[in-house]
Amino acid sequence: MTTPAKLKLTIYQGATFRRRLQWLQPDRTPMDLSGCTARMQVRAEVESPAVLLTLTTEDGRIALGGTAGTIDLIVSDGDTAPLAWGCGVWDLEIAHPGGDVTRLAQGSISVSPEVTRV
């Protein structure tokens with residue numbers, strides 16, 4: 001069982017959000033993510049029914065690096081510009097080809113409001 005990493009993320013409204021994570025095995029070698037998919041949701045609170053932001057491998061907002069064990073989170077500037085919420089909670093799950101799911105990371109997330117707007 002993997003204990004999820006706890007991370008605080010900040011999205012800068014109107015700017016491209018990029019964050020690279022790497023999943024390492026206990027011997028510090030990268031976990032092979034070949035054939036895996038990933039999903040991440042942001043909600044105001046854990047119990048909130050409304051999803052504020054979704055990232056998945058299917059929508060191109062998460063890219064997995066196969067044998068390198070990397071997980072790239074990507075939200076374009078055009079998609080961060082309309083974000084109107086201030087803070088929330090998130091978690092990231094990796095779905096393995098055999099059907100197992102691992103919660104790899106979780107934490108809080110905030111949106112820093114944009115001052116310069118086009």
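**A five-stranded sheet and the pocket beside its strands**

Ile11 stands opposite Val111, a residue of strand 8, in this predicted model. The pairing to which strand 8 (residues 101–112) contributes here is with strand 1, and the two run in the parallel sense over 8 bridges. Strands of a sheet pair through backbone hydrogen bonds, in either a parallel or an antiparallel arrangement.

Both strands belong to an open sheet of 5 strands, whose order is 1-8-7-3-4 and whose pairing is mixed. At the edges of the sheet lie strand 1 (5–12) and strand 4, each of which pairs on one side only. Between neighbouring strands of this sheet the average turn is 20 degrees, with direction ignored.

Strand 3 (residues 37–43) has a partner on each side in the sheet order 1-8-7-3-4. With strand 7 (residues 87–95), strand 3 runs antiparallel, and 7 bridges join the two; within this pairing, Thr37 has Ala95 of strand 7 as its bridge partner. With strand 4 (residues 53–56), strand 3 again pairs in the antiparallel sense, here over 4 bridges, and Gln41 stands opposite Thr54 of strand 4. The faces of strand 3 are distinguished by their covering: Ala38, Met40 and Val42 make up the covered face, whereas Thr37, Arg39, Gln41 and Arg43 make up the uncovered one.

Residues from both faces of strand 3 recur in the lining of the largest pocket, including Met40 from the covered face and Arg39, Gln41 and Arg43 from the uncovered one. This pocket holds about 220 Å³ of space, and its lining is further made up of Val46, Val89, Trp90, Asp91, Glu93, Arg103, Gln106 and Gly107. Strand 3, strand 7 and strand 8 each supply at least two residues of this lining. When the lining residues are grouped by class, 4 are nonpolar, 3 are polar and 5 are charged.

A further residue considered here is Phe17, which is placed in strand 2 (residues 17–22). Phe17 has a relative accessible area of 7% and is therefore buried, the cut-off for that term being under 20%. When neighbours within four places in sequence are left aside, the contacts of Phe17 are with Leu9, Thr10, Ile11, Leu73, Ile74, Val75 and Thr80. Ile11, one of these contacts, is the residue that stands opposite Val111 in strand 8. Between Phe17 and Leu52, by contrast, the separation is 35 residues in sequence and 15 Å in space, taken from C-alpha to C-alpha.

Technical notes:
Residues are numbered from 1 along each chain as its sequence is written. This is a predicted model: local features need pLDDT of at least 70, side-chain atom pairs count only at pLDDT 80 or more; totals for chains, interfaces and linings use all residues. Side-chain values use heavy atoms; hydrogens and water are left out. Buried means under 20% relative accessible area, exposed over 50%, partly exposed in between (1.4 Å probe, protein chains only). Two strands pair if DSSP finds at least two bridges between them. Contact means heavy atoms within 4.5 Å. Axes are lines fitted to C-alpha atoms, for helices over the stretch in contact, and angles run from 0 to 180 degrees between N-to-C directions. On a 1 Å grid over the protein atoms alone, a cavity is a set of points where a 1.4 Å probe fits but cannot get out, and a pocket is an open set with protein on both sides within 12 Å along at least five of seven lines; lining residues have an atom within 4 Å of a point. Grid points are joined across faces, edges and corners, and a volume is the space filled by probe spheres set on the points. Ala, Val, Leu, Ile, Met, Phe, Trp, Tyr, Cys and Pro count as nonpolar, Asp, Glu, Lys and Arg as charged, and the others, Gly among them, as polar.
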